[in-house]
Amino acid sequence: MNEDAMTRTQRIDAYVAANAKSLKVAMILAFLFGPLGLLYASGAYGGIMIAVVMVSAMALPPLATLIGILAWLASMAVAYHAVGQQHEALRAQALLLIRD
C-alpha cells in the first residue's frame with residue numbers, strides 16, 4: 001500500500017507493528033530462560049529480576065529453589081507487562097511523529 005493512500009491510523013498501526021517487540025517471543029523466552037529471557041522484553045526489568053534472584057538466593061540459601069521458581073513465574077508475567085508497555089509507548093510516539 002502506498003504511504004500517501006494510508007490513513008493516519010493505518011500509518012500509526014504500521015509504525016507500531018514495525019517497531020514493536022513480539023509478545024510471543026517474549027513469553028517463550030521468559031518461559032524457557034526465566035529472568036534471562038525477560039531481558040528481551042525489558043533490559044531494566046530483566047536486570048532487576050536477575051539481581052533480586054541472585055541477592056535473595058545468597059541471603060536465603062534454604063529458600064533458593066522456591067525463590068528461583070517464583071522468579072521464573074514472575075518473569076513471564078513481567079514480560080507480558082513490559083511488552084504491553086512498549087507497545088503503548090510506541091503508539092504514543094507514533095501519535096506525536098505521524099501527522100495528517
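## Contacts of Met76

Contact here means that heavy atoms lie within 4.5 Å. In this predicted model, and leaving aside its neighbours within four places in sequence, Met76 is in contact with Met27, Ala30 and Phe31.

## Two nonpolar cores

Met76 and Ala30 also belong to the largest nonpolar core, which has 11 residues in all. The other members of this core are Ala26, Leu38, Ala41, Met49, Val53, Ala71, Ala79, Ala82 and Val83. The elements that give two or more residues to this core are α2 (23–33), α3 (35–41), α4 (43–59) and α5, and of these α5 gives the most, with 5 residues.

Apart from this core lies another one, made of 5 residues, which include Ile12, Val16, Leu90 and Ile98.

## Packing of α1 against α5

Two packed helices are described by the angle between their axes and the distance between the axes. Helix α1, which covers residues 8–19, packs with helix α5, which covers residues 64–97, at an angle of about 135°, and their axes are 9 Å apart. The two helices α1 and α5 are therefore oblique to each other, and their crossing is right-handed.

On the side of α1, the contact is made by Arg8, Ile12, Asp13, Tyr15, Val16 and Asn19, while α5 takes part through Gln86, His87, Leu90, Arg91, Gln93, Ala94, Leu95 and Leu97. Sorted by class, this contact of α1 with α5 has 7 nonpolar, 4 polar and 3 charged residues. Among the residues in this contact are Ile12, Val16 and Leu90, which are also listed in the core of 5 residues.

Terms used:
Residues are numbered from 1 along each chain as its sequence is written. This is a predicted model: local features need pLDDT of at least 70, side-chain atom pairs count only at pLDDT 80 or more; totals for chains, interfaces and linings use all residues. Side-chain values use heavy atoms; hydrogens and water are left out. Axes are lines fitted to C-alpha atoms, for helices over the stretch in contact, and angles run from 0 to 180 degrees between N-to-C directions. Helices (H or I, at least four residues) and strands (E, at least two) are DSSP runs, numbered from the N terminus. Angles under 35 degrees count as roughly parallel, over 145 as roughly antiparallel, 65 to 115 as roughly perpendicular and the rest as oblique. A crossing is left-handed if the near helix is turned anticlockwise from the far one by less than a right angle, and right-handed if clockwise. Ala, Val, Leu, Ile, Met, Phe, Trp, Tyr, Cys and Pro count as nonpolar, Asp, Glu, Lys and Arg as charged, and the others, Gly among them, as polar. A nonpolar core is a set of buried Ala, Val, Leu, Ile, Met, Phe, Trp, Tyr and Cys residues joined through side-chain atoms within 4.5 Å. Buried means under 20% relative accessible area, exposed over 50%, partly exposed in between (1.4 Å probe, protein chains only).
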